[in-house]
There are 2 protein chains.
Amino acid sequence: MDIKDLLVFTTVAEEKNISKAAKSLSYVQSNVTMRIQQLEAELGTQLFERSGKGVTLTSSGELLHRYAEQILRLTNEATITVQSSAHTPIGPLKIGATESTAALRLPPLLSTYCTAYPDVDFILETHTTDVLIHLVLTRKLEGAFVAGSCEHPDLNSLFTQDEELVLVSRHPLPSLYSLNDMNLLAFSSGCAYRHTLEMLLTKEGVFPKRILEFGTIEAIIGCVKAGMGVAVMMKSIVSHHDHSLTLTPLPQPYRKVPTFFITRKDAFVSAALREFSSLLTEQLCITKP
Amino acid sequence: MDIKDLLVFTTVAEEKNISKAAKSLSYVQSNVTMRIQQLEAELGTQLFERSGKGVTLTSSGELLHRYAEQILRLTNEATITVQSSAHTPIGPLKIGATESTAALRLPPLLSTYCTAYPDVDFILETHTTDVLIHLVLTRKLEGAFVAGSCEHPDLNSLFTQDEELVLVSRHPLPSLYSLNDMNLLAFSSGCAYRHTLEMLLTKEGVFPKRILEFGTIEAIIGCVKAGMGVAVMMKSIVSHHDHSLTLTPLPQPYRKVPTFFITRKDAFVSAALREFSSLLTEQLCITKP
DNA sequence: TAAAAGTCATCAATAAAAGTGATAGCTGAA
DNA sequence: TTCAGCTATCACTTTTATTGATGACTTTTA
């Protein structure tokens with residue numbers, strides 16, 4: 001059974017006349033007769049009654065007719081939807097971001113985007129920067145917001161904004177060396193902020209007591225409040241959160257970390273992604289100058 | 001777009017590898033590649049990312065994948081259902097009957113049938129005998145219960161039972177000739193019982209004042225009670241109904257009218273109809289001897 | 001780092017199918 | 001009875017699907 005067969009079948013069923021159906025399909029009558037016969041042979045049942053003047057559906061035929069209508073409707077819809085998806089944003093759009101970006105920078109952007117393109121199924125995954133880069137390279141994500149610049153030959157990257165990093169602690173930190181006796185609360189090892197801090201500490205010869213890993217911002221902040229140690233984090237996240245904590249800016253040149261939106265150079269660009277990128281560029285023009 | 005294309009497409013989408021998909025479909029790799037390319041050309045959009053190691057769906061591809069799964073599922077279901085409809089009762093079964101048969105004789109039969117074959121959509125139409133015969137001949141009905149024998153060369157008929165006809169009136173009728181002054185309440189002119197009575201009256205030289213036509217049993221009985229005239233009817237219908245009316249049996253040989261189940265000789269016999277006829281035969285064997 | 005294995009694209013040749021046009025036979029209406 | 005309208009059949013043509021061999025590229029392995 002085949003979509004063309006079903007189209008021929010329904011046309012005959014509705015015209016109740018093979019010759020007329022052939023005409024309306026721009027086929028020759030014998031061809032339509034043949035296809036109906038083949039369909040009947042394939043299904044092992046009679047679909048039409050032949051009675052001199054035209055044909056009528058048998059009850060098996062009526063059974064098939066119900067299905068045929070559905071299948072044809074779906075097929076039509078699929079063709080139109082997929083064809084238009086090249087031009088009009090529709091369907092899934094899978095984007096990645098770090099925990100911090102997802103929490104702080106994406107909401108206003110997504111709200112605009114989802115209102116403008118309600119037919120897009122937006123899927124947001126949060127991972128650490130190194131995992132995000134890998135997922136974009138392996139085409140599991142159409143694009144991702146990552147921390148720090150990323151000069152991979154297969155990736156395009158679009159600068160979005162600088163984030164300021166601060167050390168977060170319950171009590172003021174006299175100097176960086178205070179960390180020697182403290183716990184460091186951080187994301188899993190792929191986190192770019194943690195990586196930045198580790199570089200700084202190594203250079204300064206500071207070695208924290210130990211490093212505790214967490215999966216969410218909430219957990220880290222909660223533990224800092226409980227006095228379990230010190231964390232490194234985007235300034236704007238913590239300032240939104242709580243005013244009881246002490247924020248210590250990192251020394252230059254570690255203070256600022258840029259956020260980029262990366263995509264794979266040779267990947268298929270869906271209309272949904274194209275419009276997302278263009279909205280992103282637009283927003284930056286409004287925000288920046 | 002074509003069902004085979006969709007099958008090839010989903011197989012590739014699920015295997016994420018054209019060569020493996022080809023193997024699992026028992027095709028040669030180049031063939032699968034070609035069909036995917038044709039499908040992409042037809043839809044004017046890229047469906048897969050090619051990346052050295054295998055392929056992955058683009059977002060347009062994912063969009064198509066959702067449809068493809070539905071369409072394939074439906075197609076499969078349609079094939080299986082229609083194929084089995086030749087052997088197992090399923091789908092529509094359109095049967096006709098006279099008002100009287102539908103009211104009195106069908107309910108127990110239908111209740112058994114519908115319990116035994118819950119997948120059959122039973123459709124009952126009530127008409128007068130002559131209309132029923134016409135509908136069976138023109139294949140609008142798969143079968144019908146009609147009053148009186150019917151020797152058409154294109155019809156099979158199965159005797160089901162005799163019905164006794166009575167005249168129904170508010171007061172006793174001294175003789176048939178009392179009808180000369182009364183109204184006759186009857187179904188529309190195709191009714192076989194009315195036809196029987198008219199033959200009798202013509203032969204006896206009795207001419208009622210006038211004939212009033214009705215569409216339902218209820219209406220006729222109501223009017224007889226109101227004293228509007230006399231009606232002819234199946235005895236068992238009236239005796240179920242009301243004991244305040246006078247029933248006068250018709251003289252022989254007009255008293256008994258047989259009921260037949262007719263079908264068109266050369267029509268397609270669905271499994272649903274086959275089982276209906278067989279249940280009917282079975283019931284008669286239980287009732288009769 | 002070179003060889004091997006695996007992957008997709010291309011293309012000419014072949015096999016399968018869909019479609020055509022002419023004709024025959026059947027049915028119901030004038 | 002003829003006639004118009006319908007479906008079935010069949011040899012033939014055209015289109016499409018499939019194959020098998022080859023090349024280019026990528027990842028894995030030794």
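**Two protein chains at a DNA strand**

Let me begin at the DNA, where helix α3 of chain A gives the most to the surface near DNA strand D, with five residues. I should say at once that what we are looking at is a predicted model.

Staying with that surface, α3 of chain A, which spans residues 29-43, is joined by α2 of chain A, residues 18-25, and by α3 of chain B, and each of these helices supplies at least two residues. There are 21 residues around DNA strand D, and those that come nearest are A:Ile18, A:Ser30, B:Ser30, B:Asn31 and B:Gly52. As for the character of this surface, its residues divide into six nonpolar, eleven polar and four charged.

How, then, is chain A superposed on chain B? A rotation of 179° does it, with 0.0 Å of shift along the axis and an RMSD of 0.2 Å, and that is the relation of a two-fold axis. Both copies use the same surface, in that 100% of the contact residues of chain A recur in chain B.

Let me turn, lastly, to the inside of chain B, where helix α1, residues 3-15, packs with helix α3, residues 29-43, at an angle of about 110°, their axes being 10 Å apart. Because the angle falls within 65 to 115 degrees, α1(B) counts as roughly perpendicular to α3(B). On the α1(B) side the contact is made by B:Asp5, B:Val8, B:Phe9 and B:Val12, which meet B:Val32, B:Arg35, B:Ile36 and B:Leu39 in α3(B). The residues of this contact between α1(B) and α3(B) are six nonpolar and two charged, with no polar ones.

Technical notes: Residues are numbered from 1 along each chain as its sequence is written. Chains are lettered from A and ligands numbered from 1 in the order in which they are written. This is a predicted model: local features need pLDDT of at least 70, side-chain atom pairs count only at pLDDT 80 or more; totals for chains, interfaces and linings use all residues. Axes are lines fitted to C-alpha atoms, for helices over the stretch in contact, and angles run from 0 to 180 degrees between N-to-C directions. Helices (H or I, at least four residues) and strands (E, at least two) are DSSP runs, numbered from the N terminus. Angles under 35 degrees count as roughly parallel, over 145 as roughly antiparallel, 65 to 115 as roughly perpendicular and the rest as oblique. Two residues are in contact if their C-beta atoms, placed from the backbone, lie within 7 Å. Ala, Val, Leu, Ile, Met, Phe, Trp, Tyr, Cys and Pro count as nonpolar, Asp, Glu, Lys and Arg as charged, and the others, Gly among them, as polar. A residue is near a molecule or strand if its C-beta atom, placed from the backbone, lies within 6 Å of it. Copies are superposed by least squares on the C-alpha atoms of residues with pLDDT of at least 70 in both.
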